[in-house]
Amino acid sequence: MKSSWMWLFACALACVMQPSGAAGNADYLLRPDRVWNGTDDVSHAGWAVLVRGGAIVAVGPANGIDAGGAQTIALPGTTLVPGLIDLHSHLFLHPYNETPWNDQVLKEPEAYRTLEAAQHARDTLLAGFTTLRDLGTEGAGYADVSVKRAIDEGMVPGPRLFVATRAIVATASYGPGPHGFRPDIDLPSGAQEASGVDAVLRAVREQAGHGADWIKVYADYRVGTDGSAEPTFTATELKALVEAAHLSGRPVAAHSATDAGMRMAVDAGVDTIEHGYGGSEATFKRMRERGVAYLPTLTAVESTEQYFNHYVQGSPPTPKMLEAEHAFRTARAAGVEIGCGSDVGVFRHGDNWREPAAMVRLGMTPVEALRACTSVAAKILRQQGHLGRIAPGLRADVVAFDGDPTTDIQALRHPAFVMKDGAVYRQPPSP
Ligand SMILES: [Zn+2]
């Protein structure tokens, strides 16, 4: 499926691995054709970026930068941009057309899934995504905390991770089953189940204590009598969950596909809404008023429609895709802050570029979509002082693509250079 010798071969041709993934100590002058800094309306020809000790120290016209003894890395034909950020990933999942979600959760041991996650992390980083908010291990417990640690310690290459650990669901309101399975067997759950204020408080505190950076809650799920999505937690439970998370300094991400679930989550004080396909104009306006960000996960819908509903890329969108597109346009018109969150894991890790490409297809300019994956995403992550822009003082997470993604978003399919924290993970072959 994903063989490491293939990767090693590719690496011999096109990339360099830092022996230690810790912050790079060398100084580099990066010389692409153009630089886009994460906020401007255009990329700048002839600019360069100086990196020292893992941080960006200068950006601007190359002839105005005193590089000292820095090693120059020439990146001809490329545009350098801030390392990309995907705010909705699942490193512990792989495409459902390879293995259905139920089978991943029920048949793949946690140790195996953890090794898969490490490989997914590497694929993600080499694609130019240097930061992920990973929204739940889907039945693999707290293994995301260990993957994050292994990446931070340089054991395996991967993006910076902000993890949600197990995620929190209302009792019997998430898969596998219980509907469709024998009622007399206890199945492992894809998330931590809770009912009642005391239980949701305990779940938040357990997950926070075990290493969650964010708390993820499912505000609705397919619990209706006909399988339709309906709210799960009561307003009281949701408010208690958000209060406990916020007291501990952790923001809350709410999965919600229905307008009613979104409304309850927003009123409870969550920080981001995931999916939001059924969101009404009034609810998106309320999100804007309350500063709740939106992660549209357009690529997840397209992928599941491909796998399960005979959708073929390029053909007219299915009703489910039209609903997601309508939500995206409504949110945009309402002025909601929209970040890049793809739900990758439903589709192939490393194909995260499909989400900004979908955003452009639905009306964003390439620069808007790139902001959603850089400066806007960093703000949603509360990391705007460290990540998401190319500016002095920020961490040296910078990536280059062949061509110019600020004018053609498809350039994101061709990563040429990846640096995270000043360490080089991918670079073009030397001439
Ligand atoms: Zn998800």
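Strands β17 and β18 pair in the antiparallel sense, joined over four bridges. That pairing is a good place to start a tour of this predicted model. From there we can look at the two domains, then at a few strands, helices and single residues.

**Around strand β18**

- Strand β18 is largely enclosed by the rest of the structure, because six of its six residues are buried.
- Where β17 meets β18, look for Val399, whose bridge partner in β18 is Val418.
- Strand β18 also pairs with β19 in the antiparallel sense, this time over three bridges.
- Val418 turns up again here, since its bridge partner in β19 is Arg426.
- A hairpin is formed by β18 and β19, with two residues between them.
- In the turn of that hairpin sits Asp421, which has a positive phi of about 55°.

**Two domains and where they meet**

- The domain assignment of the chain gives domain 1, made of residues 4-81 + 389-426, and domain 2, made of residues 84-380.
- Taken over C-alpha atoms, the centres of domain 1 and domain 2 are separated by 29 Å.
- Contact between them involves 27 residues of domain 1 and 21 residues of domain 2.
- On the side of domain 1 that touches domain 2, β17 (398-402), β18 (415-420) and β19 (423-426) each supply at least two residues.
- Strand β18 gives the largest share of that side, with three residues.
- By type, the residues of the side of domain 1 that touches domain 2 divide into 13 nonpolar, seven polar and seven charged.

**Two loop residues to find**

- Arg395 is in the loop between α13 (375-380) and β17.
- Is Arg395 buried or exposed? Arg395 is buried, because 24 other C-beta atoms lie within 10 Å, and the cut-off for buried is 20 or more.
- Leaving out residues up to four places away in sequence, Arg395 touches Gly54, Ala55, His386, Leu387 and Asp421; Asp421 is the residue in the turn of the β18 and β19 hairpin.
- Gly385 lies 10 residues from Arg395 in sequence, and their C-alpha atoms are 9.0 Å apart in space.
- Met155 has its place in the loop between α4 and β8.
- Met155 is partly exposed, because it has 13 other C-beta atoms within 10 Å, a count between the limits of 12 or fewer for exposed and 20 or more for buried.
- Met155 and Thr99 are 56 residues apart along the chain, and 28 Å separate their C-alpha atoms.

**The three-stranded sheet**

- Strands β6, β7 and β8 make an open sheet in the order β6-β7-β8, with parallel pairing.
- The edges are taken by β6 (84-89) and β8 (160-163), each with a single partner strand, so one side of each has no neighbour in the sheet.
- Neighbouring strands of this sheet are turned by 15° against each other on average, direction ignored.
- Four bridges link β7 (residues 129-134) to β8 in the parallel sense.
- One pair to look for is Arg133, which stands opposite Phe162 in β8.
- Helix α4 (residues 143-152) lies across β7 and β8, and runs at about 160° to β8.

**Strand β14 and its neighbours**

- Strand β14 (residues 252-256) is mostly covered, with five of its five residues buried.
- In a regular strand, side chains alternate between the two faces of the sheet.
- In β14, Val252, Ala254 and Ser256 point one way, while Ala253 and His255 point the other way.
- Strand β11 (residues 215-218) runs parallel to β14 and is joined to it by four bridges.
- Strand β15 (residues 272-275) also pairs with β14 in the parallel sense, over four bridges.
- Ala253 is a handy landmark: Lys216 stands opposite it, and Ala253 stands opposite Thr272 in β15.
- Together, β14, helix α7 (residues 259-268) and β15 make a right-handed β-α-β unit.

**Helix α11**

- Six of the eight residues of helix α11 (residues 354-361) are buried.
- These buried residues are Arg354, Glu355, Pro356, Ala358, Met359 and Val360.
- The buried residues of α11 pack against α9 (298-308) and α12 (366-372).
- After α11 comes Gly363, with a positive phi near 120°.

Definitions and conventions:
Residues numbered from 1 in each chain as written. Predicted model: local features only at pLDDT ≥ 70, side-chain atom pairs only at ≥ 80, totals over all residues. Pairing = 2+ DSSP bridges. Right-handed = clockwise from strand over helix to strand, strands pointing away. Axes fitted to C-alpha atoms, helices over the stretch in contact; angles between N-to-C directions. Contact = placed C-beta atoms within 7 Å. Domains from an automatic or database assignment. Nonpolar A, V, L, I, M, F, W, Y, C, P; charged D, E, K, R; others polar.
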